[in-house]
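Me: I am new to this structure and should be grateful for a close look at one part of it, namely the packing in its interior. Please set that part in the context of the whole chain.

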Amino acid sequence: MSLKGKLEAIIYAAETPITLDHLVQLGKESVINDGAADEAEVRSRIRAALEELISDYATADHGIEIRQVAGGYRMSTKPEQHDVIRAFAKSLKPPIRLSMPALETLAVIAYKQPVTVPEISDIRGVDCGGVIATLLDRKLVTTAGRKAVIGRPILYKTTKEFLLRFGLSDVGELPSMEEFEKLVAESFQSDLLPLQETTEPKIPDDSADAPTLAAVQSSENDPAA
């Protein structure tokens, strides 16, 4: 089997995005390149094969692609296949549902992280303690230490699961607040797609909850936030 074929099989079989370092380790262990080269050469060969494999899947003949997500490589459906995948997924039981308060809280954490519960509650105008527990349970957020102020409140940030859910390489790829609000409204409030389907959903026109989430954006310029 060719190097590309081996990489394709590994990426397909991996439950989570597989990193280049992991693939290089496999190469050193004779799984990919039969131990015929040093680490630098293995890395170079694997990187070149990955780029070629990504290019192969980018053609219109394929409904899936290989993307960099959360620091690794994974297969996912292409954005242009979103509608047909959603039509199929509607017959499946949604794995996760979140309430609008949970979505709004998640948005605050995503754009203000690391952030404390009092800060989140101040932005949303309501107590968010219970909602945080739901997001922790769904593994969309996690703790990030304590803030160096009186009382040392716990800080929260988004997780790798959050990146996987939204198909992001890192939080630097977050869309604008308006786009994020519409994206989560469609992704979570309607019938959800499986985690493996990480396409970019079409942006709906509904923006009824924009004032609440807009508070996150406006708070960026508030020194007290």
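Reply:

**The chain and its main core**

The secondary structure of the protein chain comprises 10 helices and five strands. The model is a predicted one, with an average pLDDT of 79 over the protein chain, and 74% of the residues score at least 70. Confidence is highest in strand β5, residues 154-158, with a mean of 95, and lowest in helix α10, residues 210-219, with a mean of 48. Across residues 190-212 the pLDDT falls below 50, although in the model this stretch has 66 contacts beyond near neighbours in sequence.

Of the 225 residues in the protein chain, 41% are buried. Among contacts between residues at least 6 apart in sequence, 58% join residues at least 24 apart.

The interior can be approached through its largest nonpolar core, which has 25 residues. Within this core, L98, L106, I109, I120, L135, F162 and L168 touch the most other members. Two or more residues are contributed by each of α5 (100-112), α6 (117-124), α7 (129-137) and α8 (160-166). The largest share, six residues, comes from α5. Apart from this core lies another, of 19 residues, including L23, V24, L26 and Y57.

**Where α5 meets α7**

How do α5 and α7 pack against each other? Their axes are 9 Å apart and form an angle of about 80 degrees. Angles of 65 to 115 degrees count as roughly perpendicular, and α5 and α7 therefore fall into that class. On the α5 side, the residues that meet α7 are P101, A102, T105, L106 and I109; their partners in α7 are V131, I132 and L135.

L135 gives a closer view of this meeting. Leaving aside residues up to four places away in sequence, L135 touches L98, A102, T105, L106, I109, L140 and V141. L135 is also listed among the core members that touch the most others, as are L98, L106 and I109.

On the other side of the meeting, T105 belongs to helix α5. Is T105 buried or exposed? T105 has a relative accessible area of 0%, and residues under 20% count as buried, so T105 is buried. With residues up to four places away in sequence set aside, T105 touches I120, R124, C128, V131, I132 and L135. One of these partners, R124, is also joined to T105 by a polar contact of 3.3 Å between their side chains.

**Around the ends of these helices**

The chain also has particular features beside α5 and α7. P114 lies in the loop between α5 and β3, the latter being residues 115-116. The peptide bond from Q113 to P114 is cis, with omega near -10 degrees. T116 belongs to strand β3 and, at 3% relative accessibility, counts as buried. Beyond residues up to four places away in sequence, T116 touches K147, P153, I154 and L155.

After α7, K139 is found in the loop that leads to β4 (141-146). Phi of K139 is near 65 degrees, a positive value in a residue other than glycine. What is the exposure of K139? Its relative accessible area is 58%, and residues over 50% count as exposed, so K139 is exposed.

**Two places for comparison**

A70 also has a positive phi without being a glycine, at about 50 degrees. A70 sits in the loop between β1 (64-69) and β2 (72-77). A70 is buried, with a relative accessible area of 14%, whereas K139 is exposed.

A48, finally, is found in helix α3, residues 39-57. With 42% relative accessibility, A48 counts as partly exposed. A48 and K4 are 44 residues apart along the chain, and their C-alpha atoms are separated by 9.4 Å.

To return to the interior: α5 supplies the largest share of the largest nonpolar core, and its residues A102, T105, L106 and I109 are among those that L135 touches.

How values were computed: Residues are numbered from 1 along each chain as its sequence is written. Side-chain values use heavy atoms; hydrogens and water are left out. pLDDT is the predictor's confidence in each residue, from 0 to 100. Helices (H or I, at least four residues) and strands (E, at least two) are DSSP runs, numbered from the N terminus. Contact means heavy atoms within 4.5 Å. A nonpolar core is a set of buried Ala, Val, Leu, Ile, Met, Phe, Trp, Tyr and Cys residues joined through side-chain atoms within 4.5 Å. Buried means under 20% relative accessible area, exposed over 50%, partly exposed in between (1.4 Å probe, protein chains only). A polar contact is a pair of N or O atoms within 3.5 Å; within protein, one must be able to donate a hydrogen and the other to accept it, and residues adjacent in sequence count only if both atoms are side-chain atoms. Axes are lines fitted to C-alpha atoms, for helices over the stretch in contact, and angles run from 0 to 180 degrees between N-to-C directions. Angles under 35 degrees count as roughly parallel, over 145 as roughly antiparallel, 65 to 115 as roughly perpendicular and the rest as oblique.
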